[in-house]
Amino acid sequence: MEVKDGEAEATKAAAELSPEKPATIWARRLIIAAFWLVVVCLGLPHWIWTTSIQRSDLPLDSMNAWAEGKACQLHYPLHIGLTAPDLDPEHATSFASDLEALLNGHQSFRLHHFHVQTEHSSNDTPGPKQVLNVVLNTASAPKTPQATLQSWGPILNADHQVGRPEDLKQVATFLASQISNIFEDESAALWHLIKDTPFANGVQPLALSPEKSSALDRRMTRAFKYAPAYHLTFSMFTPGAAPSAWDIDKALEEYISPLLRPLSSISDFTIDTQVQLFASFSPSIAGPAFNAEKNHWTLHYGDLTGFVNAAEWPLSPSIGEGPTINFVLYVPSQEKKPLLIDENDGSSWIIPQWGGVQIHNAPSAQPHNLTLDDLRPDMLIFADQLAGLLGVPPSPPSLSLRMSSLTRERATGLILSASSTLGALSRLTLKLTSIAIPDSVAKSVDETLHRLDQACTNLRDGHFQLALENARIAETEVEKAFFEPSMVGQVYFPEEHKVAVYVPLLGPMAVPLIMSGIKELKKLRERKQKAA
Amino acid sequence: MKLATLLALPASLAATVLASASDTYSEHLHLKPLPNGALYAGFNFTASTPLTAYESQHFRFFPRSLGQILQFTHTSELHLRFALGRWDEESWGNRPRNGRREGGTGVELWAWLEAQDQKEAEERWSGLVNSLSGLFCASLNFIDQTKTITPILSFAPEGTLDPEQANLHLMHGMLPHEVVCTENLTPLLKLLPCKGKAGVSSLLDGHKVFDASWQTMAIDVRPVCKGQECELEIDQTVDMVLDVERSMRPRDNPIPRPPPVEDVICDEAKGYNAHDTCYPKRREGEMEWGLSRIFGRPVQGSCPAGSRENAVDIVVEIPQERIVDAVPEDALDTVSTTDSQRSYRLKEGQELDLRLPHQILDQAQEHRQTLLHAHRQMTGYGQERGGMHIVITNPHPHSQRVVYLESLPWFLRPYMHTLAISGATIENMYYTPAIDRQKGTQLEILLEVPASSTVEMTYEFEKAILRYTEYPPDANRGFDIPPAIVRILPSNASSDDQGSYLRTTSLLLPLPTPDFSMPYNVIILTSTVIALGFGSIFNLLIRRFVLVEEAPKSPLAVMIQNLVKKVKGAKSDKKVEAAKDSSSASILKDTPNGEVRQRA
Amino acid sequence: MGLSLICILVGISWLLLLPLNEYSRQTYISENAILPGQVHTYFGGSEHNVFRAYRQEVWSLGHRKSEEEVTDGLYDLLQEIGLRPARQPYSFQVAGETIEGTNVYGLLQGPRADATEAMVLMAAWRNFDGEVNYSAVALVLTLARYFKRWSVWSKDILVLFPANSTYGPEAWVSAYHSTSTIPSASRNISALPVKAGALQGAIALDYPVGPWGKRFDKLDVLYDGVNGALPNLDLLNTAVSVASSQMGIGCSLHGMIDHSDSYQDRLKCLAKGVMSQAAGHATGPHSAFMPYHIDAITLKTVGDGWHDEMSLGRVTESMFRSINNLLEKFHQSFFFYILLNTHRFVSIGSYLPAAMLVAGSFTINALALWVLSGRGPVESPGKPKSTSEKLKEKALVAVNDGKDVMLVPKAELEVIERKMFLPAIVVLGVHLISLVPLYVLTHKEKSGITFAFAALAISSYLLPIYLSGVLVRVWDASVQQLQMLQSFSLLFVGATLSTWATINFSLALIVGLLASPLSFIRPITLGTSPTEPNALLNIVHAVATSFVWLITSPPLALFALSWYLGKDITWMLVEIAKGWAAQGVWSILVIWSVWWPAWVLGGIVLVSSIRFDRVPPAFDM
């Protein structure tokens, strides 16, 4: 309104009104200018400064590169030492190269790449990088060629007669088949890991038989996600008051720690045990039913899932880093034993990614204390349940070889998950433009990338342990970045609110400012025209 | 813990051997009728484990879930309290267990933590409260730095700890607003070996416990060293005072309807007594009650955990001549003539019930005078100021030394210069002022309360105005002020160094609360006002002022004028005067600030 | 001038509009937690017999000699019921007489309550009209005994028997909230031995019927607090909805039992509400609680009907259950409202403009006078002058603005400087003097109070005349100064009233209306010269204004009020004094220290220019 008749004044007044004094005109101009000065120099910067969200920039390209698997071409050089005391060096080297050629030619290895070199000293300890040491003795060898894998170390003893040098060919083929047998499962597992990820392209696919892949699936799903530390909880549940004690400490020392010792190179383990009396089944399951002809109490497959009464039994995960693996020893009451699974008369089962359950059907009367001997069968079962839950591959027989292949699988899995998380993070930041990206995120992303590169190189030159270390750190870092709490908060402040807050204040203030500015400019032009 | 360290073989082997030897558990129920129809029931469960077994994480009777929390947070002694209602000193007399096992209304927690420095201690403390809140379904995690204090005189460790030890830190926090309920009892029962399925714990039923007039649950963990080998002891206590009449109502009909006319015992002595007029007579004598009627079921046999030789499960404290029929009879163990106590023991898998018929005793039972009364009230009204008024009464003929501990939230700002104590001498005083949004006030006063006298303590405070987001959803309810804790120091260095405790009730502090329904309206209003102010000032500054008729006419006005002219076209001869008049009129109209208008 | 008149007229007509449906609203419960009437009430059956017995007890107590026996009797009854009983003696010294008594009360601890909150159930031993409150006391006792058996209480229940309907509760609630109880000259209240938590609500019962019983027709809900503070509308709505919807008992306000929902009745109800709010005195036991932000009402049985004490008991039970449901204290609904009937109300947004307009009229006048006082020529009141000729004679100055020339009288142009000292002093002085009547009427003995009032009335008529004489003759104040004087006083009145309107709307409105003539007072002119064209007008104006000034005077208003109430003036003065000393009622302060000074100053202006020899001035307004 004011503005309107202001303009009117500007236009018409020229006719009737005597022109203003230049001083007043100047004063008015100065006033308007001053207001604008304040707005521009103080208001705007302050507004921008207070309402801007800090978004530190991320290395999106390299993140995406990882997500798309371009950053790292996964493959696993396996160094195999060949010790042939009876062969002379040049034969040995040629034999080694033949063997290497044969192995790399083998169609079941897409990701592995073998390097066989001869060891002149016949010491059993493999070199730092060597995953397998082949000891070939040709002298005093039995008729039939045979190869035995040592159960404690990564050493393959092969006996084969070598009459004339041509026999070396057969020896090589024989050895190649042996070694490929050893590493077949691993390569299958690795391929299974990466086959659905971007890392798979560039590798020509490996044909897996359906039953094999399903077996691998089961193994993967059952196994825990990799963690730097695991808690093992051994709990004894009984529906009554006895037994209320068990010699668990000795039992653990006897049966569990031998398995844990080698594993402790990959992860740390803590163990705790508890005894729980008066443990009742959850009402959700039918509970044991008496089977007359078999003359024992039976559980159905359906009940096994609900067997562990999550509501009542205190199996809360342990505090601290890492997941908890539960091992439940259930001692049925005197009148309800023996208690077996109806379908297969088994007494133990694994709950994937949670733990194992074992029903203790002691023939004897209910003792007050379970001795070591009572516990032996249960502990043996717990031991290989633990191996399965940790994802230790079932073959080859040699524990150390299984460990090393586990290392490779873990490293691969971590790299894959970390890079996919990176991809997710980059997509997120691109999609939600209003969320803040604090420096901590950028920092940990950089750390992740760095670690991933290292892990990749480590893999390429065969330092699998190091690769695992780096991959582990990368994983944790990227998780931290992705779940940064300060990022999510901003999302819930929509733009409408800002409008709703600004309009009432800025609208009425802006209009007079702008209009007056325009008016003054018009007048200025008019005067100019008059002058001209 | 690394595996290697875990399997330090011989040590832990020895440990387990020890453990199986000395993992003990015992439980206990104390019943005592109180004046006007109340019954005190005190449950107590004690389990212990050797420290070595505890460190190698082998749990038997000691609950694993709690033990791990303690280990993780390096808590060496823990005291947790859930309380509901208040103890009625006037009629119930002395507090059970000298008030050591009771807490202020809501939740109270204090613990001694091992830590190198204060910072680490605070981290561990927050870890402790968070994991405990998960374990007990209580919002303990709201005990943050603002609610945490470190008392100096009020608490002494029960276990064999050395409080002087540098790396032991005492932390204390209270949540008066927390409503203790069944979901807090269930986890407590889960910690027991027998899980409320056998033993005296089978009587603990949520409905009954939380219908009690006063009720407190306590968990105390402390290391106890006998000579060389130490063990960790957990002591779980559930004390309650039940209204016998109310809790004996049948479960299916809990509503206290007016009884049928014939059931009301009238006082015939009254003259006006008639068929329709009945002065209710107070029933004399002891009420009849029984375990199964009060708790809804009898005791489900004994809890066989731990060694059961010479274990006493239930003790009833009643006068000699009161009749008690136990079912089965042989449950009666001993009758002590001295302190009128009868003890009963349970058999495994055999129910026990106690029934006490209605009976008129010749001499009414005396109730012991309490050590001390303490009342705290908030005074004043209005949004800005208030006052606190504490009355401590010592009914005994000997003086008592008392520690008064007050832990106030930061938004209650006491004026210490107004602290006035009449009737007692301050021996010592520790005061930590509050820091807004960081720390609460901690006030600890060591008093000498003279014999049979009353001490009055008053101070005034100011109510802070909170930020918009700091108000809870029920801001208009007011903010709970945690109870004050009064510790009566043991006289002349007697055997126990604990003394006895009592707590005042919590208070409700009304703070100035905004109207939460209209923040946006407020924004609009304020910014509109600002904009208006700005607009007018701005216009004043840049407009040009002219006389009315100088101002250019709006087209509408011009049209109207023409119309008028047309109408009185006849009187066109007087145009001059008309003009003159109009001018003078205009002058008159404008004179108030004529000078402004003349300036053009 | 005209503008302010319009303001007043609009303000009044605004009030008259309020009863219409368009400007008032249906009441509703805005706090969800209350759930009025949702619980089933069980009070009855054998409790009725018990009630009769208790009524007998109370009846026999009522016929004892001394107050002590009564209090002891109640104390024992409470103890027997199982509450924790306590006594509180109190005494006030007002207007030379002492009000004393002993409150008896008992604490019922909610079984699961944590002593942070409490509700109050009370029955004054003598109700507001001075009758002994037999049935109510008995009913409260029965209810207490009945409540004791329930375990649902989340708040403690305080059962209070004040000895008296006004001062007992006042003493009790003030002791409840005060730290130190040092006796002062006017009040000696002993501390409470038993206390509970923060009081969330209070309900008083008024049923003064002996053992023969008497069935009632409606419940009269009394809600006015001291100084016009009102309880939260939710509490009132709860009472009404519980009584009418659940129990089928009709409710009434201000004793209007037959309230046909017509415009007249609504207006009448509104008027009664405004009057009692303006008076600011206690209207029942509940009134004392309001200043402490405790919502309280009194349920009073009125009329002859078929409802008996048990239904009143059930209403009370249901209400306590409702208050017990509260998680937060009453805050959802309105604290400022005017009720038209039990189901319609006017919220502050709708009615406040009325008072504001009236208050605003003073301010407008004040500003107009201020502007006026800045214009020359300086004249002393009563000098002969007629504007028209004077203007012609005066030298015209030619002001040429640009090309055109205009003639402006000189006198109109010159801006005289305002001499504000004298008016300011006078205004201040008069306001200080106003403390004298206030003090006298609140501290004088009963015997002499009427005389004092008469003296004050007369002197307050004489004071203006005397002062104006002094002003004009001794300090020869100019017209401008008189205008400033009036402007100042009007400004003060306007500011005060508009502020007061937000605290106690009714008082501000009524005082504003009574004082509104003051803003139109101009020096009167007696005697005219034939040359004067509008002499007749002047005379009429003069007579009218002075008449209005005479009748709308504070003393006269008080007298009129006493006549309206049908009580003698002494009684009313004593009541006012009691209210001031014992209850802290501010109305009298507003009358004597806001209205009275303005009235006196108006009088000064009015008579300022009475000269019997010359033609007085007339402002060209």
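Into which domains is chain C divided? In this predicted model, chain C comprises domain 1, spanning 28-342, and domain 2, assembled from 354-381 + 421-619. Select these two ranges and colour them separately; the C-alpha centres of domain 1 and domain 2 of chain C lie 42 Å apart.

**Stop 1: between the domains of chain C**

Restrict the view to the residues in contact: 23 from domain 1 of chain C and 23 from domain 2 of chain C. About 1900 Å² is buried between these domains, with carbon and sulfur atoms giving 57% of that area. On the domain 1 side, display C:Ala95, C:Asn227 and C:His281, which lose the most area to domain 2 of chain C and together account for 29% of what that side buries.

Next, select C:Glu97 and C:Lys446, whose side chains meet in a salt bridge at 3.9 Å, N to O. Two salt bridges are counted between domain 1 and domain 2 of chain C, and 10 residue pairs are in polar contact across this interface, both residues of each pair being at pLDDT 80 or more.

Now switch to a cartoon of domain 1 of chain C. Strand 2 (84-94), strand 3 (97-108), helix 5 (167-177) and helix 7 (263-279) of chain C each supply at least two residues of the side that touches domain 2. Helix 7 of chain C contributes the largest share of that side, five residues. Coloured by class, this side of domain 1 shows 13 nonpolar, seven polar and three charged residues.

**Stop 2: chain B against chain A**

Move to the interface of chains B and A, where 49 residues of chain B are in contact with 61 residues of chain A. The two chains bury about 4800 Å² between them, 62% of it on carbon and sulfur atoms.

Which residues should be selected for the salt bridge between A:Asp272 and its partner in chain B? Select A:Asp272 and B:Arg64, whose closest N and O atoms are 2.8 Å apart. One salt bridge is found across the interface of chain B and chain A, alongside 16 residue pairs in polar contact, both residues at pLDDT 80 or more.

To see which elements of chain B touch chain A, display helix 1 (3-6), helix 2 (9-22), strand 3 (58-59), helix 4 (64-72) and helix 11 (519-542), each giving two or more residues. Helix 11 of chain B gives the most, with 11 residues. The chain B side divides into 28 nonpolar, nine polar and 12 charged residues.

Remain with strand 3 of chain B: strand 8 (residues 268-276) of chain A pairs with it in the parallel sense over two bridges. Select A:Thr273 and B:His58 to display bridge partners in these strands.

**Stop 3: chain B against chain C**

Finally, select the 53 residues of chain B in contact with 50 residues of chain C. About 4600 Å² is buried between chain B and chain C, 54% of it on carbon and sulfur atoms. Highlight B:Arg86, B:Tyr279 and B:Asn476, which supply 14% of the area that chain B buries against chain C, more than any other three residues.

Five salt bridges are counted between chain B and chain C; one of them joins C:Arg84 to B:Glu90, with the closest N and O atoms 3.7 Å apart. In cartoon view, helix 9 (244-247), strand 17 (373-379), strand 27 (507-509) and helix 14 (594-598) of chain B each supply at least two residues of the side touching chain C. That side divides into 22 nonpolar, 15 polar and 16 charged residues.

Note on methods. Residues are numbered from 1 along each chain as its sequence is written. Chains are lettered from A and ligands numbered from 1 in the order in which they are written. This is a predicted model: local features need pLDDT of at least 70, side-chain atom pairs count only at pLDDT 80 or more; totals for chains, interfaces and linings use all residues. Side-chain values use heavy atoms; hydrogens and water are left out. Domain bounds come from an automatic or database domain assignment. Contact means heavy atoms within 4.5 Å. Buried area is the accessible area (1.4 Å probe) that two parts lose on being put together, summed over both. A salt bridge is a side-chain nitrogen of Lys or Arg within 4 Å of a carboxyl oxygen of Asp or Glu. A polar contact is a pair of N or O atoms within 3.5 Å; within protein, one must be able to donate a hydrogen and the other to accept it, and residues adjacent in sequence count only if both atoms are side-chain atoms. Helices (H or I, at least four residues) and strands (E, at least two) are DSSP runs, numbered from the N terminus. Ala, Val, Leu, Ile, Met, Phe, Trp, Tyr, Cys and Pro count as nonpolar, Asp, Glu, Lys and Arg as charged, and the others, Gly among them, as polar. Two strands pair if DSSP finds at least two bridges between them.
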